[in-house]
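Trainee: I would like to go through a few residues of this model, one at a time. Where should we start?

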Amino acid sequence: MNKVSAGAAEAVADITDGASLAVGGFGLSGVPEVLVRALYAQGADGLKVVSNNCGVDGRGLGVLLAAGRVARVTGSYVGENKEFARQYLSGELEVELVPQGTLAERLRAGGAGIPAFYTPAGVGTQVERGGLPWRHAADGSVAVASPPKETRDFDGRTYVLEHGITTDFALVRAWRGDSHGNLVFRRAAANFNPLAAMAGRITVAEVEELVEPGELSPEEVHLPGIFVQRVVALTTEEAADKRVERLSISASPTRGTVRP
């Protein structure tokens with residue numbers, strides 16, 4: 001039951017070229033930075049990534065993207081990653097954009113063993129009809145487009161069929177975890193991490209605080225260890241290395257101070 005790896009390098013050593021990855025995080029919140037950097041050092045290429053977004057230039061999945069090691073992205077937000085946009089528009093990267101709630105449910109469904117489900121999101125749009133550009137040609141034309149999707153009516157309303165997502169591996173970040181793989185996520189980092197972890201056949205979790213089995217009460221566990229195969233304990237410095245895409249400040253209405 002001890003799932004603790006010796007380090008991040010060991011935990012990602014068997015990720016091969018062309019592997020599919022579900023990666024947690026939203027923007028830069030809850031991104032498994034240490035595992036991503038270890039994967040960059042490991043050298044796997046042609047990766048097919050499923051993640052809400054692809055980091056930013058120089059952080060998160062943006063590190064792998066800038067190195068040309070990502071072949072395909074399934075996500076819902078390009079964000080402010082200029083390299084992501086450049087590779088997509090130039091035809092270097094295949095991108096499947098998915099409504100955000102649909103992406104979350106596709107990951108959850110895959111992890112729960114549900115092959116497909118119907119949703120009203122995207123009905124009457126190119127999500128249903130197809131034709132969304134997945135890959136551009138060098139001249140800017142559409143080289144690969146999304147196919148049309150099956151629809152069905154329930155109680156007089158039309159729904160579109162979406163397929164669950166499973167991946168070869170998943171990389172996630174948790175606030176606390178034990179050696180059995182039970183995980184607790186903190187605040188905004190609870191975003192796509194539990195869902196990505198469910199979708200991976202082999203899930204690797206980096207944890208800011210590793211505790212002994214039994215220290216986490218069942219009520220506080222967000223993701224049971226059945227979904228996690230490897231745990232990497234972060235150092236104090238690694239756990240404290242947290243960035244945001246944009247820092248905004250505002251004056252306190254009561255004290256006139258400035259707060260992040």
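Mentor: With a definition: helices (H or I, at least four residues) and strands (E, at least two) are DSSP runs, numbered from the N terminus. The model is a predicted one.

Trainee: Where does Ile249 lie?

Mentor: Two elements flank Ile249, helix H8 (236-240) and strand S14 (250-251). Ile249 belongs to neither run, and its place is the loop between H8 and S14.

Trainee: Is Ile249 buried or exposed?

Mentor: Exposed means over 50% relative accessible area. Ile249 has 58%, so Ile249 is exposed.

Trainee: What accessible area does the nonpolar patch of Val244, Leu247 and Ile249 have together?

Mentor: Ile249 shares this surface patch with Val244 and Leu247. Together the three have about 340 Å².

Trainee: Is Arg59 buried or exposed?

Mentor: Arg59 sits in the loop between strand S2 (47-50) and helix H3 (62-66). The cut-off for buried is under 20% relative accessible area. The value for Arg59 is 14%, so Arg59 is buried.

Trainee: With which side chain does the side chain of Arg59 make a polar contact?

Mentor: Leaving out residues up to four places away in sequence, Arg59 touches Leu28, Glu33, Asp241 and Arg243. The polar contact, at 3.5 Å, is with the side chain of Glu33.

Trainee: What is the relative accessible area of Val160?

Mentor: Val160 is part of strand S9 (residues 157-163). Beyond its neighbours within four places in sequence, its contacts include Phe117, Tyr118, Val123 and Lys149. Val160 is buried, and its relative accessible area is 0%.

Notes. Residues numbered from 1 in each chain as written. Predicted model: local features only at pLDDT ≥ 70, side-chain atom pairs only at ≥ 80, totals over all residues. Heavy atoms only, no water. Buried < 20%, exposed > 50% of the residue type's maximum accessible area, 1.4 Å probe, protein only. Contact = heavy atoms within 4.5 Å. Patch = residues over 30% accessible without salt bridge, like charges linked within 9 Å, V, L, I, M, F, W, Y side chains within 5 Å. Areas by Shrake-Rupley, 256 points an atom, 1.4 Å probe, with all protein chains shown as cover. Salt bridge = Lys/Arg side-chain N within 4 Å of Asp/Glu carboxyl O. Polar contact = N/O pair within 3.5 Å; in protein donor to acceptor, adjacent residues only side chain to side chain.
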